[in-house]
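Q: Could you take a close look at one part of this model for me, the nonpolar core and what surrounds it?

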Amino acid sequence: MRMGSPWSGLIGPALLLLLVLAALLAPLLAPGDPLDMVARPLTAPFTDAWFPLGTDQLGRDVWAGLVHGARVSLVVGLAAAAATLGVGILAGTVAGFRGGLVDDGLMRLTEAFQTVPTFLLALALVSVLGASAGNVVLAIAISSWPPAARLVRAEVLRVKTLDYVDAARIAGMAPLAIAFVEVLPGALQPVVALAGITVGEAILVESALAFLGLGDPNLQSWGSMVANGRALIRTAPSLVILPGLCIAMAVLAVSLTGDGLARRLGLGTRS
Amino acid sequence: MSWRRLGRRLLQAVPVLLLVAIGVFVLLELAQGDAVDAYLAGIGGAGDLTLAAELRQRYGLADSLGARFLTYATSLATLDLGWSIAFARPVLDVILERLPKTLLLMGSGILLAALLGIGLGALAALRRGRPTDTVVTTAALVLNATPGFWLGLLLIIVFSVELRWLPLGGFSTLDSRATGLAAVLDTARHLVLPAATLGLTYFALYLRLMRGAMLAAAESGWVTAAKARGLPTRRIVLRHMARPALLPVVTMLGLQSGTMLGGSVVVETVFAIPGLGSLAFEAVSQRDLPLLAGILLAGTVLVVLVNILVDIVYGRLDPRVGDNLGRVAGD
């Protein structure tokens, strides 16, 4: 989506940089475990210089929760997106390159996975596998790979008819090598456009799972902070507002950055 | 859409549903502990191994993997989704009881998202590059990045806690004995915020599609031709730009129905609506796996049906599809 001024292209990367810095410097910005009780419960924001954003009902520092939450959201989001795209690229390349029965089978499988509501599947997987950061990543990847697979397959089908692929075939390269060394790189470009959206979606799914109590119980994440503040929505709405704002900012940052990157690569309209 | 075409669409869904059934079976197998463990834990007899073995024998849980799948598949084919541990009732009954509320919520959410997307998308396309376009597209982008549960809570803070205009949650007023129109209005009041949450978080995609398709149509030959014929602008916009631009939006509505269903899990939990979504949450928190599996299957069937419905609508919108294809097929 295009926005007016030339500065708009910088909003996404700037926000993303801010979040990455917060995530990297979390131990310096807010030392200690963000789940520890450090002050009087329910300190209002902007009233205590040591706890600028206040504390929750257990006396946990909201600022510490937010910067440490940036780690969880970004790491889980990026890992889940990488796994999602990885599975999608693998399935799409094999299906598109092999064709025939393998293609038919894989496409049926893709269709089946695409028909199951993504979030319901992720929810079911985490609840069966157990709530941990690794399982959340796995659940997101298993439930969200189909769009990437379809996109890559379509590109592979286009690229594999090109002359240089025939040349590789004539040169006697092994089919598997042709698929992954020659065809795949040519088919990857539109995946860049999908990457930003995939990371954003992964962050949203992670936060929704954490909101429902299926996040990693040992990590303070934005979604679980919102869930925790829910009971105090009348008296301390900032406990809900602040972490939610962070989630929206993170998703906006990655999707804007992905969009900008795609446009720079000349893929502007196909996101 | 002809009956034959409808039949073909239903047949196409069979392999997909079969694969999903296999997937759900695998998921159930992955889970630690089976129904017998859950039952024994429930009656406080977890230590009795002979009873456990006997029960497994009787319910076919000691059979081989293949035999167990066959049992599972046959019971699915007869619409037997198993027994809910948490509710102590057949899974299908629990699901059917909750389904209407979710359908109503999803339906209003999809309708709102589509109307917002189509209306604002058309507006943005007609005002391309002007401030209206920028404001509308930016708002859609920001709302699209907003988690549904958070937007729902924000709406509650503003409209229920501060302004006290709308109820905090639920599907109807608890002690209300209203009937007829009053009951409908009561439920509608309860649906405003959850439907708005779904509509606002998901309309960005339709807006983008509508805007893009309108702009593409504006540059098309048929719009130039319509202008050359001196047709009034209103007619050109409605008949020659908006109508073809609706096609991708309608297709996407079907493809997004699963996302909408997933979104309603969270939204129903936020607004305490006793539908399929909050049922999924209850199934997870009470570790009721047969129920969770049943919800997954029901959700999948729902998505398949919505997509068939979308196909029918598509045929109505695009005269090239549907009847013609039916005729080719021999009707």
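A: Sure, let's start with the core. The largest nonpolar core has 157 residues, and those with the most contacts inside it are A:Leu120, A:Leu123, B:Ala280 and B:Ile295. A nonpolar core here is a set of buried Ala, Val, Leu, Ile, Met, Phe, Trp, Tyr and Cys residues joined through C-beta atoms within 7 Å, where buried takes 20 or more other C-beta atoms within 10 Å of a residue's own, those atoms being placed from the backbone. Helix 3 (residues 62–98) of chain A gives the largest share of this core, 17 residues; helices are DSSP runs of H or I, at least four residues, numbered from the N terminus. The core also draws at least three residues from each of domain 1 (3–91) and domain 2 (94–285) of chain B, with bounds from an automatic or database domain assignment.

This is a predicted model: local features need pLDDT of at least 70, side-chain atom pairs count only at pLDDT 80 or more, and totals for chains, interfaces and linings use all residues. Residues are numbered from 1 along each chain as written, with chains lettered from A and ligands numbered from 1 in the order written.

Now zoom in on B:Ala280. Leaving aside neighbours within four places in sequence, B:Ala280 is in contact (C-beta atoms within 7 Å) with A:Leu120, A:Leu123, B:Val265, B:Leu292 and B:Ile295.

As for the chain contact, 41 residues come from chain B and 37 residues from chain A. On the chain B side, helix 11 of chain B gives the largest share, eight residues.

Technical notes: Two residues are in contact if their C-beta atoms, placed from the backbone, lie within 7 Å. Helices (H or I, at least four residues) and strands (E, at least two) are DSSP runs, numbered from the N terminus. A residue is buried if 20 or more other C-beta atoms lie within 10 Å of its own, exposed if 12 or fewer, and partly exposed in between; C-beta atoms are placed from the backbone.
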